[in-house]
Amino acid sequence: MSSFIRLASLLLLLLLVTTCEGGLIPSKVHMKIANDLENGLVLNLHCQSKDNDLGVHALSKGGVFQFAFRPSFGGHTLFYCSMEWQGASHHFDIYNYNVDGNRCKHDCPWSVKEAGPCLFNFESGKYDICYPWK
């Protein structure tokens, strides 16, 4: 019986490895957050999830912060960011699996503007999926 369990375990492992980017294990999501604030304002960005603190990053105009992760199996992945610049302080859920899981399967580029963050729309080729600050 133990040899059967070992064989079944090896077959399951082989199945998981060979389908890593194909469905059983979620594909990596590549996040890109760009500072598109006006007047050369520096964006102080601090992103984290419940398990990962990505640190504070000061992005000059046009600067970009990138990171990648693999969403959890349960579909509960959430990354949230504080975004501050001179005279402003905001928070935003930059990746919420329940909202972004279907539209950010591989790449998830964002542009941060004074009015709010905008997600790149691959259909229009523009950053036109915009949200106001809460």
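These are my notebook entries on a predicted model, going from the overall make-up down to single residues.

**Entry 1: the overall count**

I started with the secondary structure, which comes to 2 helices and 9 strands. Reading from the N terminus, I noted the order α-β-β-β-β-β-β-α-β-β-β. The protein has 134 residues, and 34% of them count as buried. I then looked up the accessible surface, which is about 8300 Å², with 57% of it belonging to carbon and sulfur atoms. For contacts with a separation of 6 or more, I found that 52% come from residues 24 or more positions apart.

**Entry 2: the five-stranded sheet**

Which strands make up the open sheet with mixed pairing? I traced 5 strands in the order β4-β1-β7-β8-β9. The edges are β4 (64-69) and β9 (126-130); each has a single partner strand, so one side of each is left without a neighbour in the sheet. Neighbouring strands here are turned by 30° against each other on average, direction ignored.

I followed the pairing from β1 into β7. Strand β1 covers residues 29-35 and strand β7 covers residues 107-113, and the two pair in the parallel sense over 6 bridges. Two positions helped me keep the register: H30 stands opposite D107 in β7, and K32 has P109 in β7 as its bridge partner.

Next I went from β7 to β8. Strand β8 (residues 116-121) pairs with β7 in the antiparallel sense over 4 bridges. These two strands form a hairpin, with 2 residues between them. On this side I noted W110 opposite L119 in β8. So much for the partners of β7; I also checked its cover. Is β7 mostly covered or mostly open? Mostly covered: 5 of its 7 residues are buried.

A reminder to myself for both sheets: strands pair through backbone hydrogen bonds, either parallel or antiparallel.

**Entry 3: the four-stranded sheet**

The other sheet I looked up is open too, with 4 strands in the order β3-β2-β5-β6 and antiparallel pairing. Its edge strands are β3 (53-59) and β6, each pairing on one side only. From one strand to the next, the twist averages 15°. Inside this sheet, β2 and β5 pair in the antiparallel sense over 5 bridges.

**Entry 4: E84, on the β2-β5 pairing**

I picked E84 because I wanted a closer look at one residue of strand β5. Across the pairing, N44 stands opposite E84. How far apart are the C-alpha atoms of E84 and L43? They are separated by 5.8 Å, although the two residues are 41 residues apart along the chain.

Leaving aside neighbours within four places in sequence, I listed V42, L43, N44 and S89 as the contacts of E84. With S89 there is also a polar contact, 3.3 Å between the two side chains. Is E84 buried or exposed? Neither label fits: its relative accessibility is 36%, which lies between the 20% and 50% limits, so E84 counts as partly exposed.

**Entry 5: the largest nonpolar core**

I moved on to the largest nonpolar core, which has 26 residues. Those touching the most other members are M31, I33, L45, M83, W85 and I94. The elements giving two or more residues to this core are β1, β2 (43-48), β4, β5, β6 (88-96) and β7.

I looked more closely at I94. Apart from neighbours within four places in sequence, I94 is in contact with M31, I33, F79, Y80, C81, M83, D100 and W110. W110 is a name I had already met, opposite L119 in β8.

**Entry 6: T77, in a loop**

My last stop was T77, which is found in the loop between β4 and β5 (78-85). Is T77 buried or exposed? Its relative accessible area is 11%, under the 20% limit, so T77 counts as buried.

I then checked what surrounds T77. Not counting residues up to four places away in sequence, T77 touches F69, P71, S72, Y95, N96 and Y97. One of these, S72, is also reached in a polar way: the side chain of T77 comes to 2.7 Å from the backbone nitrogen of S72.

Definitions and conventions: Residues numbered from 1 in each chain as written. Predicted model: local features only at pLDDT ≥ 70, side-chain atom pairs only at ≥ 80, totals over all residues. Heavy atoms only, no water. Pairing = 2+ DSSP bridges. Axes fitted to C-alpha atoms, helices over the stretch in contact; angles between N-to-C directions. Buried < 20%, exposed > 50% of the residue type's maximum accessible area, 1.4 Å probe, protein only. Polar contact = N/O pair within 3.5 Å; in protein donor to acceptor, adjacent residues only side chain to side chain. Contact = heavy atoms within 4.5 Å. Core = buried A, V, L, I, M, F, W, Y, C linked by side-chain atoms within 4.5 Å. Areas by Shrake-Rupley, 256 points an atom, 1.4 Å probe, with all protein chains shown as cover.
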